[in-house]
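I am opening a fresh notebook page today. Come along while I look things up, one entry at a time.

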Amino acid sequence: TVHDLAPIKFPKETPKDVISAHTARLDWVKKEVDRIIVPSESTKKDLISLDFKAEKIRVIPEAPSVNFKKQAEGKIADLKKKLNIYGKYLLAVGVSERKNTKKIISAFERVRPGENLTLVLVGRSQGEVEGTRGVRVLGHIDEETLNTLYSGAEVLVYASLYEGFGLPILEAFASACPVVTSNISSMPQVAKDAAVLVDPEDIDSIVSGIKEAMKYKEALIKKGLARVKEFSWEKTARETLGVYQEASKV
């Protein structure tokens, strides 16, 4: 199974020894493996661009944990009080160049005037976003806290530059949170028409997407809840077993 090629596509974010190990493993996979499982058509295209044989690759989507679901308003209020989050907030999961953090912050700064909004970032920052007005960086959090944050957010802004799949999109859908995500890489395949798709390189596009998602919040929540029902780990497991059975006959 190859989840993504992030170490190769974003080498500045990856230790050199990890890149070397990843490259060596891919070379071994190309020579020796009969079947390769990937979570998206995007990752399949990435492998084909590295001269992997398309006929060996099978696309099997992943799924969110069954623990993700809409949380009670009281639980959301308690968490916001604990984290000192006041009023409405946007949520972004991941802090890095690949996650497009700087452009997301720039878009937030343009949406914020006239709105009592905070931008909550989940993930470890290297210090490049600390001190930005209205932005809270929480670091790494547990699944229950993340679920509650999704449930209380106005929008998940997931304008990443590259994802092998993009589980936060489905986690947000399951938690009744509207999603703004990128129109590139694997994200359109995961979200389809249940999210607002934006150009992650264009701040104007991200700003428009956030405003649209906030305006049509209830409709997007309904679409997201329907979309996430199409994914389950049982389905993923059954399809994976099928590929193993197929490979055993090669």
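Which residues touch the most other members of the largest nonpolar core? Before answering, I noted that this is a predicted model, where local features need pLDDT of at least 70 and side-chain atom pairs count only at pLDDT 80 or more, while totals for chains, interfaces and linings use all residues. Residues are numbered from 1 along each chain as its sequence is written, and side-chain values use heavy atoms, with hydrogens and water left out.

**Entry: the core**

I found L91, L149, Y150, L156, I169 and F173 to be the members with the most contacts to others, in a core of 32 residues. A nonpolar core here is a set of buried Ala, Val, Leu, Ile, Met, Phe, Trp, Tyr and Cys residues joined through side-chain atoms within 4.5 Å. Buried means under 20% relative accessible area, exposed over 50%, and partly exposed in between, using a 1.4 Å probe and protein chains only.

I then looked up where the members come from. At least two residues each are supplied by α4 (73–83), β3 (88–93), β4 (117–122), α6 (143–152), β6 (155–158), α7 (167–174) and α8 (187–191). Helices (H or I, at least four residues) and strands (E, at least two) are DSSP runs, numbered from the N terminus. The largest share, five residues, belongs to α7.

Next I picked I169. Leaving aside residues up to four places away in sequence, I169 touches L156, Y158, V179, T181, M187, V190 and A191; contact means heavy atoms within 4.5 Å. I also noted another core lying apart from the largest one, with 25 residues, including A107, L119, V155 and V157.

**Entry: the sheet**

In what order do the six strands of the open sheet run? I read β5-β4-β3-β6-β7-β8, with parallel pairing; two strands pair if DSSP finds at least two bridges between them. At the edges I found β5 (135–139) and β8 (196–198), each pairing on one side only. Neighbouring strands are turned by 25° against each other on average, direction ignored. Axes are lines fitted to C-alpha atoms, for helices over the stretch in contact, and angles run from 0 to 180 degrees between N-to-C directions.

I checked one pair in detail: β4 and β5 pair in the parallel sense over four bridges, and V122 stands opposite G139 in β5.

Two helices caught my eye here. α6 lies across β3, β4, β5 and β6, running at about 130° to β3. α7 packs on the sheet and touches β3, β6 and β7 (179–182), with its direction at about 175° to that of β6.

**Entry: helix α3**

Which residues of α3 are buried? I listed S42, T43, D46 and L47. They line one face of the helix, because they fall within an arc of 140° seen down its axis, the arc being that of the directions from the helix axis to the C-beta atoms. K45 and S49 are exposed on the other side. The buried residues pack against α1 (6–9), α2 (16–32), β1 (36–38), β2 (57–59) and α8.

I looked more closely at D46, in α3 (residues 41–49). D46 is buried, with a relative accessible area of 11%. Not counting residues up to four places away in sequence, D46 touches L5, K9 and Y162.

**Entry: positive phi**

Most residues other than glycine have a negative phi. I noted A176, in the loop between α7 and β7, with a positive phi of about 65°; A176 is buried, at a relative accessible area of 10%.
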